[in-house]
Amino acid sequence: MASSIFNAPCTAPSVKGKNYDGLKPAVHGNLRFNAAKKPSIEGCPKRVFIVRASEKKDGAVKKLGLSDAECEAAVAAGNVPEAPPVRPKPAAPAGTPVVPSLPLSRRPRRNRKSPAFRASFQETSISPANFVYPLFIHEGEEDTPIGAMPGCYRLGWRHGLVEEVAKARDVGVNSIVLFPKVPDALKTSTGDEAYNDNGLVPRAIRLLKDKYPDLVIYTDVALDPYSSDGHDGIVREDGVIMNDETVFQLCKQAVSQARAGADVVSPSDMMDGRVGAIREALDGEGFQHVSIMSYTAKYASSFYGPFREALDSNPRFGDKKTYQMNPANYREALVEAYADESEGADILLVKPGLPYLDIIRLLRDKSPLPIAAYQVSGEYSMIKAGGALKMIDEERVMMESLTCLRRAGADVILTYFALQAARCLCGEKR
């Protein structure tokens, strides 16, 4: 930092017998310094150095060349360097009323007055490690855009899937969940393709684990992608979804996925008792290390539409209200949570996310288990649509929505924004 100097009358006592090098090796006003002869403090007028950070030259800070002892002695002699004056208080706009200060002992705005303050006291943090990236896969080789979900594709399991995972890992997202688009020819009323060891999902798991052994792979355990009826369970001829028979199929599906290398199996079917049955089946086959993320509070929501288009898995008739939860219910989530905990679930999931922040908080407060939230396709598509229409700032709304889920209590978030949000957090703009 360069210094500006001006002269002032000397009022400090003289210091005899001591010379000080380098107070200013140049000519300034009436002060002259001889490089061959050290100037003396005695009899010299007081020099005040105004240090201004804005007066840098070529990025270098000009120094006076004084030792610590010389600096201290100069200050003791009254030759004190000065910083710029305190900036004046900004003026209020014309017409602002003059009022006495409110008698407030606490003003919360003090902790929000600058970006640094706000960052210091931020209560909720979010990172790419909190994201689980849902990926749609199909048997084809090309990546097929999903019309209702801009930016999302049915990925070819051999190529597009591997490339998308590589992109996610580059920005710190190392957890994915797979959803298959199964050929219609393989769909049956009992969904037997769900536990085919050489089916689309097991093949994709083996391929990914071969290339990325440390990748965390979640799977979906449910029959709807494999069912000719489009329901999560076996449908009786009168339209009733059969619970126990469906659970039997789900156990075989979970074991098949674990055998392929899945780290976490995720029953999303909402059948009663399926968590305990799957835990027993996994343990019986030697997969005690495989975790279960239960879709504990999965509501019969209208936010799932784009997802069902992506997998072509709309129910052929009726709806899913006899097994998915009523959106009006709050306490019922505790019934499901207590059952899943007692049956051996490792993670409890709430789906959808933003419309059910109260349920996320409820489970967070009542359960010691990790809580997951699924920011579903409808939530994603609405933000994308709003951004495309310039009605909202897509990036800011995306990050706010994810932060809200974390603030409510979600440890991990399943989100189609995983890659985009991680790039945002890493400072990328591509």
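## A nonpolar surface patch

Met391 sits in the loop between α10 (377–388) and α11, in a model that is predicted. Met391 counts as exposed because its relative accessible area is 63%, and the cut-off for that word is over 50%.

Together with Leu389 and Ile392, Met391 makes up a nonpolar patch on the surface, and these residues have about 330 Å² of accessible area together.

## A buried cysteine in helix α11

Helix α11 covers residues 394–408, and Cys404 is found within this helix. Is Cys404 buried or exposed? Cys404 is buried, because its relative accessible area is 15%, and buried means under 20%.

When residues up to four places away in sequence are left aside, Cys404 touches Leu354 and Leu357. Another part of the chain can be located relative to this cysteine as well: Thr124 is 280 residues apart from Cys404 along the chain, yet the C-alpha atoms of the two are separated by 8.8 Å.

## A negative surface patch

Which residues form the negative patch on the surface? This patch is formed by Glu141, Glu142, Asp143 and Glu163. One of them, Asp143, lies in the loop that runs between strand β3 (131–138) and strand β4 (144–145).

With a relative accessible area of 33%, Asp143 is described as partly exposed, because this value falls between the limit for buried, under 20%, and the limit for exposed, over 50%.

How values were computed
Residues numbered from 1 in each chain as written. Predicted model: local features only at pLDDT ≥ 70, side-chain atom pairs only at ≥ 80, totals over all residues. Heavy atoms only, no water. Patch = residues over 30% accessible without salt bridge, like charges linked within 9 Å, V, L, I, M, F, W, Y side chains within 5 Å. Areas by Shrake-Rupley, 256 points an atom, 1.4 Å probe, with all protein chains shown as cover. Salt bridge = Lys/Arg side-chain N within 4 Å of Asp/Glu carboxyl O. Lys, Arg positive; Asp, Glu negative; His and termini not counted. Charge placed at Lys NZ, Arg CZ, Asp CG, Glu CD. Helix = DSSP H or I, 4+ residues; strand = E, 2+ residues; numbered from the N terminus. Buried < 20%, exposed > 50% of the residue type's maximum accessible area, 1.4 Å probe, protein only. Contact = heavy atoms within 4.5 Å.
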